[in-house]
Amino acid sequence: MKILIALISLILSLQAQSVGTSVYDHIIFKNIKEASQNLSQLNKFVDANASNQELKNGFIQMMMSWKKVQTLYLAADLDEAYIDIPRYIDTFHHGKENIYKQLDRILLSSDALDIELFKNSTKSINALEYLIFKPSQKTKRQKEMIVYILHHIGNHLKTIELFYQENRALFTADSQKINAIIMNALIESSYKLKEWRVGDPAGLSRKYKNSPKNSRSEYPISKLSYKAIEAILLTHQEIIGEQKFMNFSNVIHSAGADKELLSAQNSIKNALKYLHLAPAYDFNSKEIKLMYKELTALHNSYFISLISALKITSKILDSDGD
């Protein structure tokens with residue numbers, strides 16, 4: 001019996017290591033590489049004075065790949081020195097300032113960008129959205145600002161990429177720790193997805209109950225919030241959905257939580273279905289309301305069912321973010 005138990009423990013340990021390596025190779029490192037490559041491509045479009053549509057398409061690809069990195073951002077839990085980097089890139093739901101007014105003023109200024117764009121918020125992906133999708137007569141200044149912001153974001157993406165590149169071993173060193181980090185990342189992401197990115201603009205969150213407003217969405221200028229939501233859901237699907245590679249679903253299956261796993265997988269599929277059926281940029285639509293229900297079910301699957309099944313302690317969520 002002792003030999004059998006030892007053998008089972010060894011098999012589970014080896015599987016956990018394989019899952020950690022697979023998640024690193026097929027999701028974590030792949031996504032950050034894609035984000036860096038898409039940013040480089042967008043830089044090339046800007047340098048080549050590409051058409052507005054090419055710039056917009058380049059932004060979409062870069063933004064969606066960044067959402068995937070942000071959704072499963074594990075660096076902060078592996079090294080606390082990396083906690084703030086996502087906020088240097090992305091300021092959605094952090095702070096109450098109006099960066100659009102600030103950017104308009106900077107567009108009309110002739111002062112050096114090192115001085116004008118000193119705040120992270122004015123050189124974030126949110127600022128980049130505004131400059132790429134907002135028409136302007138100050139095209140030379142606008143291009144200079146876009147280049148400056150891309151350089152800022154690119155430096156931070158490279159920092160993340162180098163961290164992951166140099167710390168692949170951390171994904172197999174302590175399987176229990178990695179499992180907890182992944183589970184907590186899914187919980188945090190699902191909460192922010194249902195409340196911040198869907199609930200607030202749809203008037204379904206506690207904070208904005210029965211007061212829908214599209215302008216509260218993540219990308220109101222470009223109307224790309226649906227794309228951001230899709231990228232986040234696809235990342236959840238990468239990590240717990242049926243894939244050709246080993247992922248976190250193997251850990252859940254090993255814990256005997258197949259019922260809980262299937263519930264979460266179905267919630268992701270249904271949420272994507274309602275998102276694709278939703279009318280163009282209408283957070284007050286019935287499809288978005290149905291998606292919100294699925295996102296609530298997904299969050300509950302993570303926060304209640306899977307946490308219990310995997311015997312993992314959850315972190316306290318920052319429910320406001322302001």
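Does phenylalanine 29 count as buried or exposed, or what does its relative accessibility make of it? Phenylalanine 29 has 19% relative accessibility, so it counts as buried. The cut-offs here are under 20% relative accessible area for buried, over 50% for exposed, and partly exposed in between, using a 1.4 Å probe and protein chains only. We'll come back to that ring, but let's start with the whole chain.

What you're looking at is a predicted model, where local features need pLDDT of at least 70, side-chain atom pairs count only at pLDDT 80 or more, and totals for chains, interfaces and linings use all residues. Residues are numbered from 1 along each chain as its sequence is written, and side-chain values use heavy atoms, with hydrogens and water left out. As for pLDDT, that's the predictor's confidence in each residue, on a scale from 0 to 100. The chain averages 91, and 91% of the residues score at least 70.

The weak spot is at the start: over residues 1-14, pLDDT stays under 50. For that stretch the model has one contact beyond four places in sequence, a contact being heavy atoms within 4.5 Å. Helix H1 (residues 2-47) has the lowest mean pLDDT among the elements, at 78, while helix H11 (residues 225-240) has the highest, at 98.

Now for the architecture. The chain has 14 helices and zero strands; both are DSSP runs numbered from the N terminus, with helices being H or I over at least four residues and strands E over at least two. How does the chain fold up overall? A compact globule of 322 residues would have a radius of gyration near 20 Å, and the chain agrees with that at 21 Å. That radius is taken over C-alpha atoms, and the globule rule is 2.2 Å times the number of residues to the power 0.38. Along its principal axes, the C-alpha trace spans about 75 × 45 × 30 Å.

Of the 322 residues, 52% count as buried. Among contacts between residues at least 6 apart in sequence, 77% join residues at least 24 apart. On the outside, the chain exposes about 15,600 Å², with carbon and sulfur atoms supplying 53% of it; these areas come from the Shrake-Rupley method with a 1.4 Å probe, and for residues only the protein chains shown count as cover.

Take a closer look at H11. Its 16 residues reach 23 Å from first C-alpha to last, close to the 22 Å expected at 1.5 Å a residue; the expected span is 1.5 Å times one less than the number of residues. Of those 16 residues, 13 are buried, so H11 is largely enclosed by the rest of the structure. A neighbouring view comes from serine 189, which lies in helix H10 (residues 175-202). Serine 189 counts as buried because its relative accessibility is 10%. Leaving aside residues up to four places away in sequence, serine 189 touches Thr71, Ile232 and His236.

Back to the rings. Rings of Phe, Tyr and Trp (its six-membered ring) pair if their centres lie within 6.5 Å; planes under 30 degrees apart count as stacked, over 60 as edge-to-face and the rest as tilted. By this rule there are 11 aromatic pairs. In one of them, tyrosine 24 and phenylalanine 29 have ring centres 5.6 Å apart and planes at 10°, so the pair is stacked. Tyrosine 24 counts as buried too, because its relative accessibility is 4%. Another pair, tyrosine 226 and tyrosine 281, is tilted, at 5.7 Å centre to centre and 40° between the planes. Tyrosine 226 lies in helix H11 and tyrosine 281 in the loop between helix H13 (258-277) and helix H14 (286-310), so the pair ties together parts 55 residues apart in sequence. Both of these tyrosines are buried. There's also one aromatic cluster formed by Tyr24, Phe29, Tyr82, Phe163, Tyr164 and Phe171.

Finally, visit two loops. Asparagine 49 is found in the loop between H1 and helix H2 (52-71), and asparagine 210 lies in the loop between H10 and H11. Most residues other than glycine have a negative phi. Asparagine 49, though, has a positive phi of about 50°, and asparagine 210 has one of about 60°. Asparagine 49 counts as exposed because its relative accessibility is 59%, and asparagine 210 is exposed with a relative accessible area of 67%.
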